[in-house]
Amino acid sequence: MKKELSTKMNSYLANIAVEYVKLHNLHWNVVGGQFKAVHEYLETLYDALSDVLDTTAEALKMNGEMPLASMKDYLAAATVKELDSAEMNVKQVLEITLADMELLKQQAEDIRREAADEDNYSISNLMESNLENYAKTIWFLNSMLK
Ligand SMILES: [Fe+2]
């Protein structure tokens, strides 16, 4: 695996770790008429990201690379912005989540391209399955925002 691909994978891993915590923040602090639906939906998203965190890190290990594995390293490498703990309305929460899912989708697309260029099919396949999930999540979020 080329250095560029492992750096991109670790940057993605860092964003997944930060987003995992951020989705809990949104899950806890969302308020409004659709509280229950959004609160429960966000739980499905962070549960799914915990698998993405693990499979991304293990893919790095299988390719002889070291995955970032501390909150300090994740915060240093992440481009997802954390939020303070504060109540947020449903629309704000959905918009924040949508923007983050679009960012993760772009990152997964970039990694998929790079991995395919290196003939690293296990990583390009892994990213393709992540991309399928992001496409569905983005559809759900856009529909909830209409
Ligand atoms: Fe919960």
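A patch, as the word is used in these legends, is made of residues with over 30% relative accessible area and no salt bridge, and nonpolar side chains are joined into one patch within 5 Å. The structure shown here is a predicted model.

**Figure 1. A nonpolar patch on the surface, made by Tyr20, Val21 and Met71.** Together, Tyr20, Val21 and Met71 make a nonpolar surface patch of about 250 Å². Met71 belongs to helix α3, which covers residues 71–77. With a relative accessibility of 47%, Met71 counts as partly exposed, because that class lies between the limit for buried, under 20%, and the limit for exposed, over 50%.

**Figure 2. The protein chain as a whole, with five helices and two strands.** Read from the N terminus on, the elements follow the order α-β-α-α-β-α-α. The C-alpha atoms fill a box of roughly 50 × 30 × 20 Å along the principal axes. The radius of gyration of the protein chain is 15 Å, which agrees with the value near 15 Å that a compact globule of 146 residues would have. Of these 146 residues, 42% count as buried.

**Figure 3. Helix α1 and its surroundings, with Trp28 in view.** Helix α1 has 27 residues, and the distance from its first C-alpha to its last is 39 Å, close to the 39 Å expected at 1.5 Å a residue. Because 20 of its 27 residues are buried, α1 is largely enclosed by the rest of the structure. Trp28 is also found in helix α1, yet Trp28 is exposed, with a relative accessible area of 57%. Between Trp28 and Leu75, which are 47 residues apart in sequence, the distance in space is 21 Å from C-alpha to C-alpha.

**Figure 4. Salt bridges of Lys8, with Glu4 as one partner and Glu114 as another.** Side chains of opposite charge can pair when their charged atoms come close. In the salt bridge between Glu4 and Lys8, the closest N and O atoms are 3.5 Å apart. Both of these residues lie in helix α1 (residues 3–29), where a separation of four residues amounts to about one turn of the helix. An α-helix has 3.6 residues a turn, so residues three or four places apart point the same way. Glu4 is partly exposed, its relative accessible area being 46%. The side chains of Lys8 and Glu114 also meet in a salt bridge, at 3.4 Å from N to O. Lys8 lies in helix α1 and Glu114 in helix α4 (residues 90–117), so this pair ties together parts that are 106 residues apart in sequence. Both Lys8 and Glu114 are buried. The view can be widened to a network of salt bridges that links Glu4, Lys8, Asp110, Arg113 and Glu114. A search of the whole structure finds nine salt bridges.

**Figure 5. A salt bridge within helix α4, between Glu109 and Lys105.** The side chains of Glu109 and Lys105 meet at a distance of 3.2 Å, N to O. Both residues lie in helix α4, four residues apart, which is about one turn of the helix. Glu109 is partly exposed, with a relative accessible area of 28%, and Lys105 is likewise partly exposed, with a relative accessible area of 25%.

**Figure 6. The two ends of helix α4, with Asn89 at the start and Asp119 just after the helix.** The 28 residues of α4 should span 40 Å at 1.5 Å a residue, and its end C-alpha atoms are 41 Å apart, which agrees. At the start of the helix, a side-chain oxygen of Asn89 reaches to within 3.1 Å of the backbone nitrogen of Lys91. Just after α4, Asp119 takes a positive phi of about 55°, a positive value in a residue other than glycine. Asp119 has its place in the loop between α4 and α5, the latter covering residues 121–144.

**Figure 7. Asp73 of helix α3, shown with Ser11.** Asp73 is found in helix α3 and is partly exposed, with a relative accessible area of 30%. Although Asp73 and Ser11 are 62 residues apart along the chain, their C-alpha atoms are separated by 9.7 Å.

Terms used: Residues are numbered from 1 along each chain as its sequence is written. This is a predicted model: local features need pLDDT of at least 70, side-chain atom pairs count only at pLDDT 80 or more; totals for chains, interfaces and linings use all residues. Side-chain values use heavy atoms; hydrogens and water are left out. Patches are made of residues with over 30% relative accessible area and no salt bridge: like charges are joined within 9 Å, nonpolar side chains (Val, Leu, Ile, Met, Phe, Trp, Tyr) within 5 Å. Accessible areas come from the Shrake-Rupley method with a 1.4 Å probe; for residues, only the protein chains shown count as cover. A salt bridge is a side-chain nitrogen of Lys or Arg within 4 Å of a carboxyl oxygen of Asp or Glu. Buried means under 20% relative accessible area, exposed over 50%, partly exposed in between (1.4 Å probe, protein chains only). The expected span of a helix is 1.5 Å times one less than its number of residues. A polar contact is a pair of N or O atoms within 3.5 Å; within protein, one must be able to donate a hydrogen and the other to accept it, and residues adjacent in sequence count only if both atoms are side-chain atoms. The radius of gyration is taken over C-alpha atoms; the globule rule is 2.2 Å times the number of residues to the power 0.38.
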